[in-house]
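Hi everyone, thanks for making time. I'd like to walk you through a structure that's new to most of you, so have a look at it on the screen first.

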Amino acid sequence: MEPRLVGPGPYRATRLWNEIIELFRAGMPLRKHRCHFKSYERCFKASEAVDCLHELLGSNQNFGPEVTRNQTVKLLKKFLKNHVIEDIKGRWGKEDFQDDGHLYRFPPSSPLKPYPKKPSCGKEVIKFPDWNEPKAGTSQDHIPVKSVTMNSEMWYKRHSIAIGEVPACKLVFRRELTQTNIEEIWKSMTLSQLQKVLGLDSLDEVLDPKLVNSKHIVQNAYNVNKQGIVTLEDKSKELPHWILSAMKCLANWPSCSDLKQPTYSGFERDVFKTIVDYFGQMKEPLLTFHFFDVFVSVLGLLQKHSKAVEALQISCLLLPPENRKRLQLLVRMMVRISFNNDLPPLSESVRTRNLMVQAFSRCILCSKDEMDLDELLAAKLVSFLMDNYQEILSVPSALKSSIEEHVVHLQRVQIKYAGADTEATFPSPSFCHQISTDEFEYQRATGSQEPLAALLEEIAMNKEISVKDKKKQLKQFQKSYPEVYRVRFPTPETEAMLFPEKTKQKPPILMWALKKPFQPFHRTRSFRM
């Protein structure tokens, strides 16, 4: 059985657990061993199991070579407790596995973890407030305006201001957005973007949207100091002063501003143990049990660095503000300790960076379920988090800008023209993706020039409007879009063809026109005798 990359999606932790069990059963060599003058068929030593499983995990791209032998032993303890393996006498259920020469074997069938049945949360993440319904007691003038179908008549109404004719119109105000409305928008658009980055059809199997607090998202996005650390409204949820002082002491070693200089050897190790004990006694990890499946799914994106960073940015935005602040302070301390060459070694056998991962990974991410690979998954996540903590623990600027623009759009005053029969809803904002230059030029041409050319042709061929109105509309179009107009009418002659001259009839010749010019009256001699 070949190992495969398990990507993001529902039940990723369960799939990884079952896959490792199958790989271990298929790859562990079984042979005959003797113990207390008795032979046992198809079994293996504990140290052999550690060697095999450690090599298997190190070569698996879901975990990688950073898996330690100690982590492998912890996983085999879980295997023994959950009857994936048993000793040669058939005993199991305890975590007393050691890296030694004790003999173990596989039971007839190692139990695979069943896929949990989560209650359906519905396909819709969360609905936007219905902005189209006016408030009770308000007039119908305060309704959201919608875009109209762009035909020649409506285009003329929209552009007739330049030639002095303004059709009847009115200002239309949208409903006033409350703080609750804005928080709901933040929640909906944040979860939508997370779903898109993870590449999932739905978040239902990795996250219950009902457990996401919209207030937490808004607070994490706006209540931050100059260093990007969350500021808490409830000061009772802050870290105790003494633990903050201990963290600052090791992070800024040897410059300890809050503590006096140590007077005995090993002081820094005692301070480190105090910090480990404090975070280790927490009842719930900083990333919370509710979001365990989300962060495990993000681990499937580590091959795509930028997507993994964005997914973790958004996921960390969902945390309670006090958890997010503690995570920011803890990871920053871990990174500073790892790169602090002036700090004496905190362990004789383990490198400082590996010690940070081993000491704090479980207080950052772990599962309620005992049948899980949470130690390995947490170590991988914490390592990636330490390498990219400044980006991951900052507010995603692109998402924030998109949401703020959408809120401004909903609050903007619109103009509604009389006779706008057709109304269409405003689409929810979508997120951009990069395209090539050729594709951009093609979209620009087809997306703007062709509709305008079709509109100009409709104006030119419209026989239902008078010649005077047609000339006005053409004049306005020429002023607004000269390039499009020039393509359709390159010469004045082509434009004149729309308005053929009528043959003027000559007025009839009147008799008085043939008379000679007026002459003064002269007396003549009378013929009367």
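Let me start with a word I'll use a lot: a residue is buried if its relative accessible area is under 20%, exposed if over 50%, and partly exposed in between, using a 1.4 Å probe and protein chains only. Also, helices (H or I, at least four residues) and strands (E, at least two) are DSSP runs, numbered from the N terminus.

Now, where this comes from. This is a predicted model, so local features need pLDDT of at least 70, side-chain atom pairs count only at pLDDT 80 or more, and totals for chains, interfaces and linings use all residues. Residues are numbered from 1 along each chain as its sequence is written, and side-chain values use heavy atoms, with hydrogens and water left out.

Okay, the overall picture. The protein has 19 helices and 6 strands, and 43% of its 529 residues count as buried. Contact here means heavy atoms within 4.5 Å. Take the contacts with a separation of 6 or more: 71% of them are between residues 24 or more positions apart.

Let's go to helix 13, residues 374–387. How many of its 14 residues are buried? It's 12, so helix 13 is largely enclosed by the rest of the structure. Among those buried residues are D374, K380, F384 and M386. As for length, the expected span of a helix is 1.5 Å times one less than its number of residues. Helix 13 reaches 20 Å from its first C-alpha to its last, close to the 20 Å expected.

Helix 9, residues 292–299, tells a similar kind of story: 7 of its 8 residues are buried, so it too is largely enclosed by the rest of the structure. The buried ones include F292, F295 and L299. And what covers them? The cover includes helix 1 (12–27), helix 5 (179–198), helix 10 (305–317) and our friend helix 13.

Just before that, in the loop between helix 8 and helix 9, sits T288. Its phi is near 65 degrees, a positive value in a residue other than glycine. T288 counts as buried because its relative accessibility is 5%. H83 also has a positive phi, near 65 degrees, and you'll find H83 in the loop between helix 3 (69–81) and strand 3 (86–87).

Next, helix 15. In this helix L399, S402, I403, H406, V407, H409 and L410 are buried. Looking down the axis, these buried residues fall within an arc of 160 degrees, so they line one face of the helix; that arc is taken from the directions from the helix axis to the C-beta atoms. On the other side, S397 and E405 are exposed.

Last stop is a helix pair. Helix 7 (residues 241–251) packs against helix 11 (residues 321–338) at an angle of about 30 degrees, with the axes 8 Å apart. Axes are lines fitted to C-alpha atoms, for helices over the stretch in contact, and angles run from 0 to 180 degrees between N-to-C directions. The two are therefore roughly parallel, and the cut-offs are under 35 degrees for roughly parallel, over 145 for roughly antiparallel, 65 to 115 for roughly perpendicular, and oblique for the rest. L244, M247, L250 and A251 in helix 7 meet L329, L330, M333, R336 and I337 in helix 11.

And after helix 7, in the loop leading to helix 8 (267–280), there's P254. The peptide bond from W253 to P254 is cis, with omega near 5 degrees. That's my tour, thanks!
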